[in-house]
Amino acid sequence: MPVVPQNNKKPKKGFSLMWMYLALVVLLAAIFYVDNNTVTKAVSYTEFVQYVERDHGIEKIVVLSDDKKVKGFLTDSLAEIVFKNNNYSPGKGEAIVEAQISSADKLSDKIEEWNASGAFTGDVTFEQSSTFSRILWNILPFALFIGVWIFLIRKMAGGPGGSGGGGGIFSVGKSKAMLFDKNNSEKVTFRDVAGLSEAKTEIEEIVEFLKNPQRYTNLGGKIPKGALLVGPPGTGKTLLAKAVAGEADVPFFSMSGSDFVEMFVGVGASRVRDLFRQAKEKAPCIVFIDEIDAVGRARGKNASMGGNDERENTLNQLLTEMDGFGTNSGVIILAATNRADILDKALMRAGRFDRQIYVDLPDLPDRVEIFKVHLRKIKTAPDLDIEHLARQTPGFSGADIANVCNEAALIAARHNKESVSKEDFNAAVDRIIGGLEKRNKILTVDEKRSIAIHEAGHATVSWHLQYGNPLVKVTIVPRGKALGAAWYMPEERQIVPSQVILDDICSLLGGRAAEDLFLGHISTGAASDLERVTKQAYAMVVYYGMSDKLPNLSYYDSTGQNSMFTNPYSDERAKIIDEEVSRIVNEQYERAKSILLKYSQGHHDLAETLISREVIFTEDVEHIFGPREWTSRTEELFGKKEKTGDEAEEADKEAPVLPPPIDEE
């Protein structure tokens, strides 16, 4: 990985709302304090004169000439009478009465009379109220309200005054795409994408065009406007798209298909327009839409059940934008989905998504490379065989392999180990495939014996079939929802002969046949086996044309246009299909019984070993039955036969690998 220079600059601190909240609290506290130390009461001028002349309770007079108002500061004795309902406490504050006057001159003459008669001998102050202060107190509440309103509006709009960043109500039509440019520290290159060699080869042309467009445009060539990454979940479609941007060193817009869809009418189309506007400004660049099936689903498929017009409007806008910008504008659209069959045909036509890049589950060499990437940061034992780990994880995606590595590290840490060993990885694979081991689950003696006979039946039948999958281990320890399980290593085949399917059906029925023969009754433990058997036999008859009565016929609909409520064949043909499926299953069931009867003693020894030890491996089965008639591939798997040169390379390409458990009790 290239060393990325660290940015040591501290981010600038913006305005914090805590200061505004603190100032508001201080202001409220000050107002509360003033209000608690001063009590004021508005009275008539006649009452004010009585307080002066009759009660002699005014200590000080303040005349506000501009407001034509007089304030009188009461003595404690009179304040207790006037403010007896206000819980006034003498000595803790001032008590004031206010009255309106006709003019300051007339009040001045009246005060002189009070002084002459001795009714009032206190201080008199004449004040002129500030016009600015009066205006400020009149306008301040409205200004405060307007300021708070503007602040909330800017916050909702995601402007500088808020925390939005495009998430406000007034920016709902803006694109939510994340931008990764050349200055982004999280740059991903093809070195970070293990495996996917074929997909990388196809997509390198896009990278080369972004780096050197003149090489193509000078010859009149046109780079594809869009490329669709199709494949199962977890295979690295998003990572591959980021690697394209990292290799080309251009801006990379990333957005999910669901980000276009909102409850507001027209928002999706507006976001599409805004996304492509930004892309044109940053050209050359890459626009990546993850899970595009959320917005690109075929239109009009569910018209009778009610359609989503907003989603279709968004798709229409996307189709227009993809066909609207210039051919060599430098904007390339990448999209990823694992449901390409449901996308609209207009989206898949030439000129929009010109090519499809299939990102398949990794094969054996790719899994080795993926393990090497994820084991960089894990302290592994020196004798760890990465190729063996790759053989143990057939059908695993890159995300699954990352999970295996992480789970193995957790298991090693749980046992206070200094490094992660082969046993930890085996336990991690078992944990992910079969679930958590439950040794404390209570089983009766009869249940334990029934499970052992069932699992021994699978192992016995599979061992004596030509295309039986090589055994890895059998256990009767409950794990997850299963009471027992068997792990095998099937060959990774591209074309499956009919005999391979028949041998697989026979192996699956070995557990039920063993219960029937050696226990005298059957149980529900074979439910998952029978489900797989029925599906495989039905596929042989209906999909693969492997039936004697219905040869070379396939009713499989790859387009998905046939109605799910009707069958593409008549009732008479359906009856024949049922008969053929039943015949295939019954024949293989009798075949499994005959194998078990022939090797009944070995089956008995295998079951007893399972009961006593709970887990058996390939070596135990080989010790009981002897080497298989078809043993060369099994020996290569477990290292009993060393190979070098071209022979070893060919063996690696064809080596069988570990699948999920063949059955669950």
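This is a short walk through some strands, helices and loops of the structure above. Keep in mind as you look that the model is a predicted one.

Let's begin with strand β4, which spans residues 94–100. Of its 7 residues, 5 are buried, leaving the strand mostly covered. Two other strands pair with β4, and they do so in opposite senses. Strand β1, residues 38–42, lies parallel to β4 and is joined to it by 5 bridges. If you would like a residue pair to find this pairing by, look for K41, which stands opposite V97 of β4. Strand β3, residues 69–74, runs antiparallel to β4, again over 5 bridges. Here a handy landmark is K71, whose bridge partner in β4 is E98.

From there, move along to helix α5, residues 131–157, where you will find W149. Together with F145, I146 and I150, W149 forms a nonpolar patch on the surface. The accessible area of these four residues comes to about 460 Å² together. W149 has a relative accessible area of 51%, and exposed residues are those over 50%, so W149 counts as exposed.

Helix α17 gives a picture of cover instead. This helix takes in residues 445–463, 19 in number, and its first and last C-alpha atoms lie 27 Å apart. That is close to the 27 Å expected at 1.5 Å a residue. Because 14 of its 19 residues are buried, α17 is largely enclosed by the rest of the structure.

Next, a look at backbone angles. Most residues other than glycine have a negative phi, so it is worth pausing at those that do not. One of these is N416, with a positive phi of about 55 degrees. You will find N416 in the loop between α15 (398–414) and α16 (422–434), and its relative accessibility of 70% makes this residue exposed. E614 is also a residue other than glycine with a positive phi, in this case near 75 degrees. E614 sits in the loop between α22 (600–613) and β14 (615–617), and at 23% relative accessibility it is partly exposed.

Our last stop is helix α23, residues 618–625. Which of its residues are buried? They are T618, D620, V621 and F625. These residues share the same side of α23, because the arc they cover around the axis is only 165 degrees. After the helix comes G626, a residue with a positive phi near 85 degrees.

Conventions. Residues numbered from 1 in each chain as written. Predicted model: local features only at pLDDT ≥ 70, side-chain atom pairs only at ≥ 80, totals over all residues. Heavy atoms only, no water. Buried < 20%, exposed > 50% of the residue type's maximum accessible area, 1.4 Å probe, protein only. Helix = DSSP H or I, 4+ residues; strand = E, 2+ residues; numbered from the N terminus. Pairing = 2+ DSSP bridges. Arc of directions from axis to C-beta. Patch = residues over 30% accessible without salt bridge, like charges linked within 9 Å, V, L, I, M, F, W, Y side chains within 5 Å. Areas by Shrake-Rupley, 256 points an atom, 1.4 Å probe, with all protein chains shown as cover. Salt bridge = Lys/Arg side-chain N within 4 Å of Asp/Glu carboxyl O. Expected span 1.5 Å × (residues − 1).
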